[in-house]
Structures are given as structure tokens and as C-alpha cells.
Amino acid sequence: MNTSCDVLIVGGGIGGLSTAFSLTRQGLAVRVLERAAEFGEVGAGIQLAPNCTRILHDYGLLEEAASLGVLPSRMVMRDALDGSDLTALDLADLERTYGFPYMVIHRSDLHGMFLRACRRAGVDLVTDSPVTGYRNTADGAAVTLADGSERSARVVIAADGLHSTARGLLVEDEPVSSDYAAYRGTVPVADLDRGVDLSEVAVYVGPGCHFVHYALRGGEMLNQVAVFESPKARAGEAEWGTPDELDAAFADTCPAVREAIPSMWRDRWWPMFDRDPIMTWVQGSIALLGDAAHPPLQYMAQGAIMAIEDGWVLGAHAARQRRADGAVDWPAALAAYEAVRAEHCRRVVLTARAWGDLWHLDGLARRQRNAILRARETTDHSFTDWVYRPTALLPEDEPEMFRPIPLASAGDPAEAPHRARI
Ligand SMILES: Cc1cc2nc3c(=O)[nH]c(=O)nc-3n(C[C@H](O)[C@H](O)[C@H](O)COP(=O)(O)OP(=O)(O)OC[C@H]3O[C@@H](n4cnc5c(N)ncnc54)[C@H](O)[C@@H]3O)c2cc1C
């Protein structure tokens, strides 16, 4: 295992594996170090918008993904209290507009697809390898494993998730609690005792809560996510997001939502954290990627997609920065990666916070939101165009996004330029 490689990737989640595949396509020798005993993902669904399916197509993986996932025909947002339709996205029109489909897929199927692609491509996949430290070296970077041994490479990519160790090299920060918890529940459609339209991705938004469902695996399974604000978290209690809070949060919702709550998994739940955006992801030959760099709240369904985009952009810049002797000019490639990705991801993280606020409104603000959403054309993509269009490789590709913004405001959602647009 101590044979040399060009790139060490720490973390074998969707970000780490998709990046390993992207860099291996460029002829680089890549090793992934995963702390767990096996590569794997939790069994729930994930949404893949056109900015991701476009990359899967480029990787030659779109057909495989489509055979594992579902292509819904519309996404609909409803009021969680009265169940009425607020707005919808015509996903066939979205595909016509962007050239690639909107897909939903089981996370373990997506992860498994990248794992197989990495194996075929010859990525060195190593489990049981928790990384505890990072350092830059004269000709690259090295990581320390829990057993004290070191592994080195020309460049180290830290894709080690929300609680990233590597992030500490760049910033002293902590995950930011939203005080919301997510429950998941993936159930066989045959076991459902209620009617569900499997052709749609449905999002029910309500005061302090929302509920999402969509079909997986050719319509055999229904993926469900129930998210709510925890009063215990607000009160500063250590144990929060408990099942009694789930039941209370959805007690007044419409029957379509209320009747789904008993089928959520109750033995585990996900407290929702993000982090304030940072604009520096690279230190020497060590770079952050995926949730390690930009963990979002899930409201825009772009977290894993951003990680996949990061890997695709990094692969493109590694190819562009090949010198005549075949070696990659890594400082130039990493600088180009950071220059385009940090601003895009900053916007997604801050917009996701703002969307959460919008979804969870109550009282007059809820009624005003509903009136605005009902007036929206289902083919109006203006709010999401900056997200779904082709992933930018250079800041020049997204000129309106790169107008000067004072860095001091990077962590303050109130000053984010998109906030006023929502
Ligand atoms: C409820 C919910 C719904 C979501 N829905 C969507 C969606 O629809 N679409 C979407 O795009 N995103 C969605 N997301 C976000 C998405 O799940 C994450 O953004 C994405 O999984 C991040 O991938 P990652 O590879 O960067 O990190 P992770 O998935 O966290 O992977 C990190 C990996 O690194 C390993 N690791 C950690 N520390 C070490 C170490 N020290 N040494 C070695 N290995 C280590 C971990 O074991 C893990 O395998 C959702 C998230 C939630 C919570």
C-alpha cells in the first residue's frame, strides 16, 4: 500500500469516489483511504439535477444511473397544512431546457455505481484507514493514519465530510446547527396503505417542518424524508430531534403527510448541520472537496451534486495543467479549482439556508409565500438556472456570480446577493 500514487483521496463517500474516478480518467494513479471497514452509503434517496446528470453523461455513467434510478415527470410543492398545490416544475421541460434529466436514485445505488466505476478504472481502494493528520511535504503532501504510518502523494484531496479533519488546516470553525432534524424512511411501495403518485417528487412545506417523497428503484420503493424544527434543540437540550418531537411537529399536517409519519425509521435521525462558507479550500498540496469544503443544509438537494461537480472540475483542470513531461502542475490546477468552485458553493450553502426559511414560514408570511408560488409559471427556471446549467470551469463562465462581494460578508446570509431575489 505504500507504493506511490499521484493523488490520495481521504474519504470514500460519493465525493471521494466520484473524484477518484474523474482523476483516474485523466491517467492519474489514485488511492482512496476510507476509515470504515467497508465502502457504503445509508439506504435513502438522493435527487440528481441536470447539472449532475450532465456530468454522469460525460463519465459514460448516465445510462447505468438511469437504469438504477427513476426519472419523475414533475416536482410539486404543496402546503403541508392544507395539502394544496403551490407550484410545480415540469421535469420534461427541465430536461428539454438543460439537455439532461432530473433523476432520483437510491444513495447506495449511486455510491455503488461509482465504486464499480473506480474498480474498473483501477483506483486503489483502501478501507480501515482513518486519517488523523495532514502535512505538506517538499514534493507533495502526506497523511498520517491512526496506526501512526504515513502515506504520501503529489496531492491530497480531503473528502472526509461534514466533520472533516483536514478543514482544521484552513479554518477554526464548527458545524452550524439548524436545530432541524431529518427522519428518513424508505418503504416498499407494495406495503403502502395509502395512494401515492409515483411520477412526482413531492415536497410539502409547512410551519417549522417539511416532508418529501419520491419513488426509487423503478417505482418499487418510496423514499420519504420528514424534517422539523426541534423545540428541544431550541431549548439547548443535548438530546434533541427525538421521535416524540417528530410526531408533534407533524400532528397538524394534511392527511397525505400525517399518514406517512408512522412509516419513518425511528431508531435513527439526522440533526441538520451546515457550515459557514469558506473561500480558501487549498493549503499547499492539500485541498478540501465535497462536504468537507461546503456542507449545505439539504433544501436545494445539491450537497452530493456539488461534491460530484468538484471532482469533475478538478479532473478537467488536472488535464488542462498537464506539462510537456506529463506531470500535472498541481498548484495551478488546485488554484483554478478553488477559483471557480468556492464562490458557486458559497452561494448554494447560503441559498439553501434561505430556502429553508422560506419553506418553514407560518402565519401571514406563509400565506404571502403561497400566493407568490401559485403565480409562478411551471416552466420558469429563472431561480435555479444558475444551479442547473453546465458546471462552470472558470469564473468567466459565470460572470454574474463573480461580481465583487466583500469576503467579510461570506458567512452572513443576510448579505448574500441571492437572498433578496427569493
Ligand atoms: C436528509 C438529507 C438529504 C439529502 N439530499 C440530497 C439530495 O437530494 N441531493 C444531493 O445532491 N445531496 C443531498 N444531500 C447531501 C449529501 O448527502 C451530502 O452533501 C454528500 O453525501 C456529501 O458527500 P461527501 O462524499 O462529501 O461526504 P460524506 O458522504 O460524508 O463522505 C465522507 C466519507 O469520508 C469518510 N471519512 C470521514 N473521516 C475520515 C477520516 N478521518 N479518514 C478516512 N475516511 C474518513 C467517511 O467514512 C465517509 O465515507 C442530502 C443530505 C441529507 C442529510
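# Helix packing and buried sites in a predicted model

In helix α2, the residues Pro50, Asn51, Cys52, Thr53, Arg54, Ile55 and Leu56 are buried (buried means under 20% relative accessible area, exposed over 50%, and partly exposed in between, with a 1.4 Å probe and protein chains only). The model is predicted, with local features needing pLDDT of at least 70, side-chain atom pairs counted only at pLDDT 80 or more, and totals for chains, interfaces and linings using all residues. Residues are numbered from 1 along each chain as its sequence is written, and side-chain values use heavy atoms, with hydrogens and water left out.

Helix α2 covers residues 50–58, and because seven of its nine residues are buried, α2 is largely enclosed by the rest of the structure. Helices (H or I, at least four residues) and strands (E, at least two) are DSSP runs, numbered from the N terminus. Just after α2, glycine 60 has a positive phi of about 75 degrees.

**Packing of α1**

Helix α1 spans residues 14–25. Its axis comes within 9 Å of the axis of helix α5 (residues 107–121), and the two cross at roughly 30 degrees. α1 is therefore roughly parallel to α5. Axes are lines fitted to C-alpha atoms, for helices over the stretch in contact, and angles run from 0 to 180 degrees between N-to-C directions. Angles under 35 degrees count as roughly parallel, over 145 as roughly antiparallel, 65 to 115 as roughly perpendicular and the rest as oblique.

The crossing of α1 past α5 is left-handed (the near helix is turned anticlockwise from the far one by less than a right angle; clockwise gives a right-handed crossing). On the α1 side, Ile14, Leu17, Ser18, Ala20, Phe21 and Thr24 meet Leu110, His111, Phe114, Leu115, Ala117, Cys118 and Ala121 of α5. This contact of α1 with α5 has 10 nonpolar, three polar and no charged residues. Here Ala, Val, Leu, Ile, Met, Phe, Trp, Tyr, Cys and Pro count as nonpolar, Asp, Glu, Lys and Arg as charged, and the others, Gly among them, as polar. Contact means heavy atoms within 4.5 Å.

α1 also packs on α9, at an angle of about 20 degrees and with the axes 8 Å apart. That angle makes α1 roughly parallel to α9. The crossing of α1 past α9 is right-handed. Ile14, Gly15, Ser18, Thr19, Ser22 and Leu23 of α1 meet Ala304, Ala307, Ile308, Gly311, Trp312, Leu314, Gly315 and Ala318 of α9. By class, the residues of this contact are eight nonpolar, six polar and no charged.

Threonine 19 lies in α1 and counts as buried because its relative accessibility is 0%. Apart from neighbours within four places in sequence, threonine 19 is in contact with Ile9, Leu289, Ala307, Gly311 and Leu314.

Valine 313 belongs to α9, and at 0% relative accessibility valine 313 counts as buried. Valine 313 and serine 22 are 291 residues apart along the chain, yet their C-alpha atoms are separated by 8.8 Å. Leaving aside neighbours within four places, valine 313 is in contact with Tyr337, Val340, Arg341, Thr391, Ala392 and Leu393.

**Polar side chains in strands**

Asparagine 223 sits in strand β15 (residues 221–229) and, at 0% relative accessibility, counts as buried. The side chain of asparagine 223 reaches the backbone nitrogen of glycine 45 at 2.7 Å. Beyond four places in sequence, asparagine 223 is in contact with Ala44, Gly45, Gly185, Thr186, Val212, His213, Tyr214 and Leu216.

Glutamine 47 is in strand β3 (residues 45–48) and counts as buried at 13% relative accessibility. The side chains of glutamine 47 and tyrosine 102 make a polar contact at 2.7 Å; a polar contact is a pair of N or O atoms within 3.5 Å, where within protein one must be able to donate a hydrogen and the other to accept it, and residues adjacent in sequence count only if both atoms are side-chain atoms. Not counting residues up to four places away, glutamine 47 touches Met75, Tyr102, Met103, Val104, Val201, Val212, Tyr214, Ala301 and Ile305.

**Positive phi**

Most residues other than glycine have a negative phi. Two non-glycine residues with a positive value are listed below.

| Residue | Phi | Place | Relative accessibility |
|---|---|---|---|
| Aspartate 179 | near 65 degrees | strand β12 (residues 176–188) | 14%, buried |
| Alanine 301 | near 50 degrees | loop between β18 (286–288) and α9 (303–320) | 22%, partly exposed |
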